[in-house]
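Visitor: I am new to this structure and would like a close look at a single part. Please take the salt bridges, if there are any, and show me where they sit and what surrounds them.

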Amino acid sequence: MKNKAFALVGSFVVLVAVGLGHVSLRYRVIRVGYALAEKLAERRGLEEENRQLRLEEALLRNPARVEHIARDQLRMERPDPARIRVVRPGVREVAVNADRTLATP
């Protein structure tokens, strides 16, 4: 009878330990699931923010917008073609006066 009671108590302890292990494992699985869902939501938010920032960048880089700001807000204008100088590698230009330049190799 004593052996039977000991076996019954031992079986009960093993079942409780297995049950607690199972509950602990399920709890960790649920925690990881919530963390994963949170990270996926964060990723979706970051992807949306990235999409909006790319759109904003494209709008800010629009050449018509840049030209409008340059003319209206900064009072810039296109240079006179006669004042444009082409720079080539290996050739130094020295300004002699406003009308002509002297090229030196």
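Guide: Here is the setting first, then the salt bridges one by one, and then a few other places on the surface.

This is a predicted model, in which local features need pLDDT of at least 70 and side-chain atom pairs count only at pLDDT 80 or more, while totals for chains, interfaces and linings use all residues. Residues are numbered from 1 along each chain as its sequence is written, and side-chain values use heavy atoms, with hydrogens and water left out.

The protein has two helices and two strands, arranged along the sequence as α-α-β-β. Helices (H or I, at least four residues) and strands (E, at least two) are DSSP runs, numbered from the N terminus. Of the 105 residues, 1% are buried. Here buried means under 20% relative accessible area, exposed means over 50%, and partly exposed is in between (1.4 Å probe, protein chains only).

Now to your request. Side chains of opposite charge can pair when their charged atoms come close. A salt bridge is counted when a side-chain nitrogen of Lys or Arg is within 4 Å of a carboxyl oxygen of Asp or Glu. The whole structure holds six of them, and we can visit three.

Start in helix H1, where Lys39 and Glu42 sit three residues apart, about one turn of the helix. Their side chains form a salt bridge at 3.8 Å, N to O. Lys39 is exposed, because its relative accessible area is 53%. Glu42, at 42%, is partly exposed.

Next comes the pair of Arg61 and Glu57, whose side chains meet at 3.2 Å, N to O. Arg61 is exposed, with 61% relative accessible area, whereas Glu57 is partly exposed at 39%.

The third stop is in helix H2, where the side chains of Arg71 and Glu67 come together in a salt bridge of 2.8 Å, N to O. About one helical turn separates Arg71 from Glu67, because they are four residues apart in helix H2. Both are partly exposed: Arg71 has a relative accessible area of 43%, and Glu67 has 34%. This pair also has company, since salt bridges with shared partners link Glu67, Arg71 and Arg78 into one network.

While you are in this region, look at Arg75, in the loop between helix H2 (63–72) and strand E1 (92–95). Arg75 is not a glycine, yet it has a positive phi of about 55°. Arg75 is also exposed, at 67% relative accessible area.

For a contrast with the charged pairs, return to helix H1 (residues 2–60), where Phe12 lies. Phe12 belongs to a nonpolar surface patch with Val9, Val13, Val16 and Leu20, together offering about 490 Å² of accessible area. Patches are made of residues with over 30% relative accessible area and no salt bridge, joining like charges within 9 Å and nonpolar side chains (Val, Leu, Ile, Met, Phe, Trp, Tyr) within 5 Å. Phe12 counts as exposed because its relative accessible area is 55%.

A last word on confidence: pLDDT is the predictor's confidence in each residue, from 0 to 100. The protein's mean is 88, with 88% of residues at 70 or more. Confidence is highest in H1, at 95, and lowest in strand E2 (residues 101–104), at a mean of 51. Where pLDDT is low, the predicted coordinates should not be read in detail.

Key
Accessible areas come from the Shrake-Rupley method with a 1.4 Å probe; for residues, only the protein chains shown count as cover.
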